[in-house]
Amino acid sequence: MATRAIRGAITIKTDLKENLLSATREMLEALLESNPDLKTEDIASAIFTTTEDVSSAFPAQAARQIGWNNVPMICAREIPVPGSLPLCVRVLIIWNTQKEQTAINHVYLRDAIKLRPDLID
């Protein structure tokens with residue numbers, strides 16, 4: 001079986017735990033909706049990152065809240081590049097699938113659309 005990656009990103013207004021968890025759930029649910037063949041049991045792993053100004057909670061907690069209890073996950077910090085998008089949560093999902101790379105739908109929400117405008121419909 002092939003391994004593919006799905007990218008997602010979303011921004012939050014303020015670094016409050018519920019804002020972070022709610023936004024992360026929104027991003028993950030949008031990824032699931034955009035990739036209907038994505039099943040939790042086919043996710044090899046997920047890597048979440050946040051910008052330096054986000055530290056109220058681990059984004060992986062939101063994934064657990066939607067049932068990703070057996071998915072190996074880790075959270076990390078983005079490189080603090082001057083002028084980069086603030087208050088941003090990103091995810092890289094490693095997916096075991098036969099889908100072609102061009103059939104994967106990535107999701108960028110809120111101000112995160114600035115990261116990859118070429119992938120926005």
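Is alanine 5 buried, exposed or partly exposed? With a relative accessible area of 32%, alanine 5 counts as partly exposed (buried means under 20% relative accessible area, exposed over 50%, partly exposed in between, using a 1.4 Å probe and protein chains only). Before the close-ups, a word on what you're looking at: this is a predicted model, where local features need pLDDT of at least 70, side-chain atom pairs count only at pLDDT 80 or more, and totals for chains, interfaces and linings use all residues. Residues are numbered from 1 along each chain as its sequence is written, and side-chain values use heavy atoms, with hydrogens and water left out.

**View 1. The whole chain, with its two helices and five strands.** Follow the protein chain along its sequence and you'll meet the pattern β-α-β-α-β-β-β. The radius of gyration is 14 Å, close to the 14 Å that the globule rule gives for 121 residues, so the chain is as compact as a globular protein of that length. Helices (H or I, at least four residues) and strands (E, at least two) are DSSP runs, numbered from the N terminus. As for the radius of gyration, it is taken over C-alpha atoms, and the globule rule is 2.2 Å times the number of residues to the power 0.38. Along its principal axes, the C-alpha trace spans about 40 × 30 × 20 Å.

**View 2. Inside and outside of the protein chain.** Of the 121 residues, 38% are buried. The accessible surface adds up to about 6,700 Å², and 51% of it belongs to carbon and sulfur atoms (these areas come from the Shrake-Rupley method with a 1.4 Å probe; for residues, only the protein chains shown count as cover). Now for contacts, which means heavy atoms within 4.5 Å. Among contacts between residues at least 6 apart in sequence, 84% join residues at least 24 apart.

**View 3. Alanine 5 and its neighbours in space.** Alanine 5 sits in strand E1, which covers residues 3-11. Leaving aside residues up to four places away in sequence, alanine 5 touches Leu92, Ile93, Ile94, Ile104 and His106. Valine 81 is another story: it is 76 residues from alanine 5 in sequence and 24 Å from it in space, C-alpha to C-alpha.

**View 4. Isoleucine 94, seen from the other partner.** Look for isoleucine 94 in strand E4, residues 88-96. Which residues does isoleucine 94 touch, not counting those up to four places away in sequence? They are Thr3, Arg4, Ala5, Asp42, Ile43, Ala44 and Ser45. Threonine 14 is 80 residues from isoleucine 94 in sequence, and their C-alpha atoms are 28 Å apart in space.

**View 5. Arginine 25 paired with glutamate 18 in a salt bridge.** Side chains of opposite charge can pair when their charged atoms come close. The name salt bridge is used for a side-chain nitrogen of Lys or Arg within 4 Å of a carboxyl oxygen of Asp or Glu. In this pair, the closest N and O atoms are 3.0 Å apart. Arginine 25 is buried, at 19% relative accessible area, while glutamate 18 is partly exposed, at 46%. How many salt bridges does the structure hold? There are five.

**View 6. Glutamate 26 and arginine 110, a salt bridge between distant parts of the sequence.** Here the N to O distance is 2.5 Å. Glutamate 26 lies in helix H1 (residues 17-34) and arginine 110 in the segment after strand E5 (107-108), so the pair ties together parts that are 84 residues apart in sequence. Glutamate 26 is partly exposed, with 33% relative accessible area; arginine 110 is partly exposed too, at 40%. Check the backbone of arginine 110 as well: its phi is near 55°, a positive value in a residue other than glycine.

**View 7. Aspartate 118 and arginine 116 meeting in a salt bridge.** The N to O distance for this pair is 2.7 Å. Aspartate 118 counts as exposed, at 54% relative accessibility, and arginine 116 as partly exposed, at 33%.

**View 8. Leucine 87, with a positive phi.** You'll find leucine 87 in the loop between strand E3 (73-77) and E4. Its phi is near 50°, and leucine 87 is a residue other than glycine. Is leucine 87 buried or exposed? Leucine 87 is buried, with a relative accessible area of 18%.
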